[in-house]
Amino acid sequence: MHTNLLEIGALALTLLFFGVIYYLGQKKQVDFGILTLLATAFGIVVGLVFQQHYTYVAVFGMIYTHIISAMVVPLLLFSIISSITSLGESIHLKKIGMKSVGFLLLNTLTASVITLFVAVFLRVGAGFAYQPTAEHATAEVPTFVDTIVSLFPQNLVTQWGEGQVVPIVIFAILIAVAYNQLAGSKTEIKPFKAFIDAGSQVMGQAIGWIIGFTPYAVLSLIARAVGKASLTELLPLFGVMLIAYALCAVQMFGVESILLHVIGRLNPVRFFQGIMPAAVVAFTSQSSVGTIPVTVRQLTHELGVDGDVAGFTAGIGANLGMPGCAGIWPVLLAVFSIHVMGLEYTVPQYIFLVVLALVVSVGTVGVPGTATVAATALFSAAGLPIELIVLLSPISSLVDMARTATNVVGAATAAVLVAETEGLLDHAIYNGQTVQISEPQVEIK
């Protein structure tokens, strides 16, 4: 009876804190990141006060992780088909379209590989005191052969139910390519495109709504984590934050400079002088999409990129091939979880993890909470406990500034490289010898 009373007391205090979070968010319009940090503090309080008595409190976090897991597959299905079919309609940009996508995905690949090496070398997550729920505690690492075979669709219903993301992605790509081949000659299939685009918007709205409950889930899971461990054992989470910032800096200033110098034979210093205002806006606003107008202006006026290339590449770069949100963060969290669970990954399995990150990055376009969704999709495909993503949400909100700036600089790099390799870069403007006065002709939506 004594234990039950403590369980009820923990639940009552949690609901009180929920009320405070709701009031601050809905009535006082407090920033989402601040609410998440506040939820972390509340969760620590509940965990310290009631310790092991978190059974009822943990329910909220578990429900959240189940719901967001259920949204991953339909989200990927709609968003991938929508994005590829939209690309097919951009006839005047076909020449630069695939090259833009290629350079954007190259950013994600380099970010993922570097993150993997650093996280494995530093053994991020090793020794962290946290016990995932029973459904994940006994998860086994699939063999390399099994993972290769499971890449391809077989029974979509079964694979959907088992959270196998990659077969869904491949299926969506096949459908999108088939539509693009028919779209030019068969107008009767246009309703299919309208349905897919509408479905993509609805799924994005649903994800945005679910992400809004993140502070409540964070409170729940932090209370459970503190109840099982202690505050001092949770401090290593901030080490993850520092590593994430360092990785973003390496990608943004190191990798992008190398790509500009090696592929474009361009001066990286001049590039950063021109694009820095957009990077600052991205860092402070934490919005890649909101930074698009600034990015396009800096690319055209300060770096001499053709207007069409700047508008197209910066536009899709805000939602595709994001090295910060789709490369660094999901892989860092995945390695963290692998070490927490004590799994023994082989080299081929780590390579497959990078492949998953690259594939998943294609399917998280235009979605609120991109880093969380990308990480969730990666975890679903790899069989890792999604609750650890939520547990790291407070740090995620702090890292988001660096992630967003990394995304924007990566997209700008891709735009410059596309323009240079296509002969559409004004070197006089890039080198600061003149000023671009023309505006980009691509409509940014």
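1. Is C325 buried or exposed? This note concerns a predicted model. In that model C325 has a relative accessibility of 6%, and therefore counts as buried, because the term applies under 20% relative accessible area.

2. C248 is also classed as buried, because its relative accessibility is 1%.

3. How many disulfides does a search of the whole structure find? The search returns zero. C248, for its part, takes part in no disulfide, and the nearest cysteine sulfur to its own belongs to C325, at 8.4 Å. Why is there no bond from C325? The closest cysteine sulfur to that of C325 lies in C248, and the separation of 8.4 Å is too far for a bond; a disulfide requires the two sulfur atoms to be within 2.5 Å.

4. The next points turn to internal space. Rolling a probe the size of a water molecule over the atoms shows where empty space is left. In this structure there are two cavities of 30 Å³ or more. The volume of the largest cavity is about 50 Å³.

5. Which residues line the largest cavity? The lining consists of S288, I292, T295, A314, G317, A318, N407, V408 and A411. Two or more lining residues come from each of the helices α14 (292-302), α15 (307-317) and α20 (393-421). Of the elements, α20 contributes the most, giving three residues.

6. As for the chemical character of this lining, five of the residues are nonpolar and four are polar. Charged residues are absent from the lining of the largest cavity.

How values were computed:
Residues are numbered from 1 along each chain as its sequence is written. This is a predicted model: local features need pLDDT of at least 70, side-chain atom pairs count only at pLDDT 80 or more; totals for chains, interfaces and linings use all residues. Side-chain values use heavy atoms; hydrogens and water are left out. Buried means under 20% relative accessible area, exposed over 50%, partly exposed in between (1.4 Å probe, protein chains only). On a 1 Å grid over the protein atoms alone, a cavity is a set of points where a 1.4 Å probe fits but cannot get out, and a pocket is an open set with protein on both sides within 12 Å along at least five of seven lines; lining residues have an atom within 4 Å of a point. Grid points are joined across faces, edges and corners, and a volume is the space filled by probe spheres set on the points. Helices (H or I, at least four residues) and strands (E, at least two) are DSSP runs, numbered from the N terminus. Ala, Val, Leu, Ile, Met, Phe, Trp, Tyr, Cys and Pro count as nonpolar, Asp, Glu, Lys and Arg as charged, and the others, Gly among them, as polar.
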